[in-house]
Amino acid sequence: MAAEIVNPRSESTTEHTGHEGGAEPLDSFDPAFALHRGGKMAVQATVPVRDKDDLSLAYTPGVAKVCSAIAEQPELVHDYTWKSSVVAVVTDGTAVLGLGDIGPEASLPVMEGKAILFKQFGGVDAVPIALNCTDVDEIVETVVRLAPSFGGVNLEDISAPRCFEIERKLQDALDIPVFHDDQHGTAVVTLAALRNAARLSKRALGDLRAVISGAGAAGVAIAKMLVEAGVGDVAVADRKGVVSADRDDLTPVKRELAGFTNKAGISGSLEAALAGADVFIGVSGGTVPEDAVASMADGAFVFAMANPNPEVHPEVAHKYAAVVATGRSDFPNQINNVLAFPGIFAGALQVRASRITEGMKLAAAEALAGVVGDDLAADYVIPSPFDERVAPAVTAAVAAAARAEGVARR
């Protein structure tokens, strides 16, 4: 896939019909439309087809030799096609950014964007696939049927709780990496930032009590990863308060969550849970009252990651917190998934991993945190997505972890 912007269509049919005096292209009003005209990506050949000799090698009759060899030895598909370097970016359009269920067509600009980020930051080709179905089994069946063309599957913007079941079923059915970035990419980058915040304050992860606002895809994945990494205690709150075993309204996912979080047995509201907490992680939207932030422990960390409006505005958070992070690019310490998923897939594809394990994700977080090194500061606990050290560090760590865990095939 070409990472550069390519515009094969010069004529527009998209118009701004509300402009007095006649219709004008939307491009006239917003540069985002101008950039997206014709899409943000295109297929690009990697071999020349200049004459009949080139044609006979790239296509028939030469291609038949390669097809026959793969038919006899299926593993050769990794060497003689692009399979081992291409990822399917799959969505059903039900949870797109902060826009919600906007459907498959409207999701395509985001999926194209994800694909060019794969290429730009990880050197991984990616194909956007927006599915016109939302049934769990239909999505799984469709992706399984598409899987022979791809080395990995990145699930994107699929609403919870279906996303958990879809990912699990695909992981069981396929022998290639399946990764829901809204869950695990967010968790990896959050853990990396938290590792460095703890290092800056000379505390161990085991000394921290964290509170997560949001029990959707990202909140559940972050909770699992923080517990796996050794954070002392993690409580997760949804709209009805802290997820705890004494609640009788929990979904199966939240019941599982209650089983490994909230050692302190906290119940009640998010605000009550924040009293004395060391870490706030927001992945839910809404607004956390300032007095609740003020009730946190001295030297607390506030990661308010909702976009475009953080749960705690940085100006408020800085009054009480030692380290503040958001999901926005116009504040320091942006928790951005692009720091994780390109390198994670690049490392997994490099060794032809059969899956992405917890150990591979933890290794990615540790490597990402390590990029900061001696430059660690309160406004620099996570590197920039444009730091050229990020993808190679994550790629190498993930590949090594895959080999150590026995899921690498080369």
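## Helix 15, a well-covered helix

The buried residues of helix 15 are Met360, Lys361, Leu362, Ala363, Ala364, Ala365, Ala367, Leu368, Ala369, Val371 and Val372. Please keep in mind as you read that this is a predicted model. With 11 of its 15 residues buried, helix 15 is mostly covered. What does the covering? Among the elements over the buried residues of helix 15 are strand 6 (178-180), helix 8 (181-200), helix 9, helix 14 and helix 16.

You can also check the length of helix 15 for yourself. From its first C-alpha to its last, helix 15 reaches 22 Å, close to the 21 Å expected for its 15 residues at 1.5 Å a residue. Right after helix 15 comes glycine 373, with a positive phi near 55°.

## Helix 16 and its neighbours

Now let's move along the chain to helix 16, which covers residues 390-404. How far apart are its end C-alpha atoms? They are 21 Å apart, and this agrees with the 21 Å that 15 residues should span at 1.5 Å a residue. Helix 16 is followed by glycine 406, which has a positive phi near 80°.

Buried in helix 16 are Val390, Ala391, Val394, Thr395, Ala397, Val398, Ala399, Ala401 and Ala402. The cover over these residues includes helix 5 (104-122), helix 14 and helix 15 (358-372).

## Where helix 14 meets helix 16

Two packed helices are described by the angle between their axes and the distance between the axes. For helix 14 (residues 341-350) and helix 16, the angle is about 45° and the axes are 7 Å apart. Roughly parallel would need an angle under 35 degrees, and roughly perpendicular one of 65 to 115. Helix 14 and helix 16 are therefore oblique to each other. Their crossing is right-handed.

Which residues make this contact? From helix 14 come Gly343, Ile344, Ala346, Gly347, Ala348 and Gln350, and they meet Ala391, Val394, Thr395, Val398 and Ala399 of helix 16. Sorted by class, the residues of this contact are 7 nonpolar, 4 polar and no charged.

## Helix 14 also packs on helix 5

Helix 14 has a contact with helix 5 as well. Here the angle is about 70°, and the axes are 8 Å apart. Why does this pair get another label? An angle from 65 to 115 degrees counts as roughly perpendicular, and helix 5 and helix 14 are therefore described that way. Helix 5 passes helix 14 in a right-handed crossing.

On the helix 5 side, the contact involves Lys114, Leu117, Phe118, Phe121 and Gly122, while helix 14 brings Phe341, Pro342, Phe345 and Ala346. These residues divide into 7 nonpolar, 1 polar and 1 charged. Ala346 is worth finding in the structure: this residue of helix 14 meets helix 5 and is also listed in the contact with helix 16.

## Helix 9 and helix 10

Helix 9 (residues 217-229) offers another length check. Its 13 residues should span 18 Å at 1.5 Å a residue, and its end C-alpha atoms are indeed 18 Å apart. Buried in helix 9 are Ala217, Ala218, Gly219, Val220, Ala221, Ile222, Ala223, Met225 and Leu226. Glycine 230, just after helix 9, takes a positive phi of about 100°.

Helix 9 packs with helix 10 (residues 252-260) at an angle of about 25°, with the axes 11 Å apart. Angles under 35 degrees count as roughly parallel, and this is therefore the label for helix 9 and helix 10. Their crossing is left-handed. Val220, Ala223, Lys224 and Val227 of helix 9 make the contact with Val253, Glu256, Leu257 and Phe260 of helix 10. By class, there are 6 nonpolar, no polar and 2 charged residues in this contact.

## Serine 354 and glycine 152

Let's finish with two single residues. Serine 354 lies in the loop between helix 14 and helix 15. Its C-alpha atom is 6.6 Å from that of alanine 408, although the two residues are 54 residues apart along the chain. Leaving out residues up to four places away in sequence, serine 354 touches Leu174, Asp175, Ile176, Pro177, Val407 and Arg409.

Is glycine 152, in strand 5 (residues 152-155), buried or exposed? Glycine 152 has a relative accessible area of 0%, so it is buried. Setting aside residues up to four places away in sequence, glycine 152 touches Val86, Val87, Ala88, Ile176, Pro177, Phe345 and Leu349. Glycine 152 and serine 354 are 202 residues apart in sequence, yet their C-alpha atoms are 9.0 Å apart in space.

Technical notes: Residues are numbered from 1 along each chain as its sequence is written. This is a predicted model: local features need pLDDT of at least 70, side-chain atom pairs count only at pLDDT 80 or more; totals for chains, interfaces and linings use all residues. Side-chain values use heavy atoms; hydrogens and water are left out. Axes are lines fitted to C-alpha atoms, for helices over the stretch in contact, and angles run from 0 to 180 degrees between N-to-C directions. Helices (H or I, at least four residues) and strands (E, at least two) are DSSP runs, numbered from the N terminus. Angles under 35 degrees count as roughly parallel, over 145 as roughly antiparallel, 65 to 115 as roughly perpendicular and the rest as oblique. A crossing is left-handed if the near helix is turned anticlockwise from the far one by less than a right angle, and right-handed if clockwise. Contact means heavy atoms within 4.5 Å. Ala, Val, Leu, Ile, Met, Phe, Trp, Tyr, Cys and Pro count as nonpolar, Asp, Glu, Lys and Arg as charged, and the others, Gly among them, as polar. The expected span of a helix is 1.5 Å times one less than its number of residues. Buried means under 20% relative accessible area, exposed over 50%, partly exposed in between (1.4 Å probe, protein chains only).
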